[in-house]
Amino acid sequence: MKRYEIVIIGGGPAGLAAAVAAYDEGVRSILILERDRELGGILNQCIHNGFGLHTFKEELTGPEYAQRYVNMVLVRGIEYRLNTMVLEISPEKHIRAVSREDGLIEIEAGAIILAMGCRERSRGALNIPGYRPAGIYSAGTAQRLVNMEGFLPGREVVILGSGDIGLIMARRMTLEGAKVKVVAEIMPFSGGLKRNIVQCLDDYGIPLKLSHTVVNIEGKERVEGVTIAAVDENLKPIPGTEEHYPCDTLLLSVGLIPENELSRGMGVCINPVTNGPVVNESLATCISGVFAAGNVLHVHDLVDYVSEEAAAAGKNAARYVARALEENPRHEIPLLPQNGVRYTVPYSVDPSLLQETLTVRFRVGAEYRNCFVSVYFDDERMVHKKRPILAPGEMEQVTLQKAWFLERPNLKAVSVMVEEA
């Protein structure tokens, strides 16, 4: 059994950034395990621009952004294995994986960074009536077919769900000559970034119908049409509001789920709201020496934040294997999401282990206008940031100072909330 100081599960943007950061902290025994045939993860099929504005101060496509980090890995000589599927990880950080070249592999790790990303929610989770004809794709699968494999899934398209991938594919299918007839969204607000609604739907005259869902799929061999209907406040279809659209393709963009089967299998504590690991200020999970970052932790909207978060995980994993993160009893202060905030990352803080600042990321559960994001240390308000609009589709963040914690040694809890203006 070969041993590495740090093993990173996933060679996408999170895994690459974590590896580079760990190397720059002095760790040389690093291994990246990637199940795909190349490094870069999902970015390889995201050929649109808009990446890298925060990280590189320039606008890049997904493959360009990924290649920047791939080059950093190659220059540093960090070891990686492609076409390698991790089967299981034990709480003692023993990894079993399989690859076509090497067969079954067993690896021992000093620390593990979980960076497996996320997957799309499938049709099976939606309970849409109808047969199972050809022509139903997740938006991400259609994106890969068009951008990497050179196939056009269909000519007349309806999209269910207004997540960012669905919005981007509405534009992409239009540019490839398909007719996108409508984007239906069951919620009363879009799940994607505002800029994607404008650039991908409004600029191409594609209608977005909020509070609508698909109630029937027609066709046995191939999709022949779909029926959508308005929904009430309980998300139930309203009789008499049905609209029929002839089409040959239905794309589903109905949410992303962190890929955490390996995490659950090894006993990592999972937050039921995010479906990602519960982590502290060091991005460490409840298992000693196991860290998590990127979309496996919670779904991000900007890859720049994925890289930033993963770099922090890489540095902390390096500190762990160097014994700089001592496993002393923690002085745990919980971060409590309240009043419209669904969750926070991290979920708890030990002030003695903080850097000078701590970035807390979160999402809200509904749309809010002309409101404030507030942070309370017990009953004392420390942050009161005016926001013209908050939406579930956009991740928010606040910055906390280490000094605030040290000045309050009896602090019991930190609350993050939305307050009306």
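Modeller: Quick ground rule before you ask: a residue is buried under 20% relative accessible area, exposed over 50% and partly exposed in between, using a 1.4 Å probe and protein chains only. This is a predicted model, where local features need pLDDT of at least 70 and side-chain atom pairs count only at pLDDT 80 or more, while totals for chains, interfaces and linings use all residues. Numbering starts from 1 along each chain as its sequence is written, and side-chain values use heavy atoms, with hydrogens and water left out.

Biologist: How many salt bridges does a search of the whole structure find?

Modeller: To count, a side-chain nitrogen of Lys or Arg has to sit within 4 Å of a carboxyl oxygen of Asp or Glu. Run over the whole structure, the search gives 24.

Biologist: Glu 309 pairs with Arg 361, so to speak; in which helix and which strand do they sit?

Modeller: Their side chains form a salt bridge at 3.9 Å, N to O. Helices (H or I, at least four residues) and strands (E, at least two) are DSSP runs, numbered from the N terminus. The two residues are 52 apart in the chain, with Glu 309 in helix α7 (303–321) and Arg 361 in strand β23 (357–364).

Biologist: Is Arg 361 buried or exposed, and at what relative accessibility?

Modeller: Its partner Glu 309 is buried, at 5%. Arg 361 counts as buried too, because its relative accessibility is 4%.

Biologist: What is the relative accessibility of Arg 381?

Modeller: Arg 381 has a salt bridge to Glu 419, with the closest N and O atoms 3.2 Å apart. That pair joins strand β25 (380–390), home of Arg 381, to strand β27 (414–420), home of Glu 419. Glu 419 is buried at 18%, whereas Arg 381 is partly exposed at 42%.

Biologist: Which residues are linked with Glu 259 in a network of salt bridges?

Modeller: One link is Glu 259 to Arg 35, 3.9 Å between the closest N and O atoms. Those two are 224 residues apart, in the β18–α6 loop and the β2–β3 loop respectively. Glu 259 is buried, at 15%. Linked with it in the network are Arg 35, Arg 119 and Glu 261.

Biologist: Within what arc do the buried residues of α5 fall?

Modeller: Helix α5 (194–201) buries Asn 196, Ile 197, Cys 200 and Leu 201. They line one face of the helix, because, seen down its axis, they fall within an arc (taken from the directions from the helix axis to the C-beta atoms) of 105 degrees.

Biologist: And what covers the buried residues of α5?

Modeller: Contact here means heavy atoms within 4.5 Å. The cover includes α4 (164–175), β12 (179–185) and β13 (208–210).
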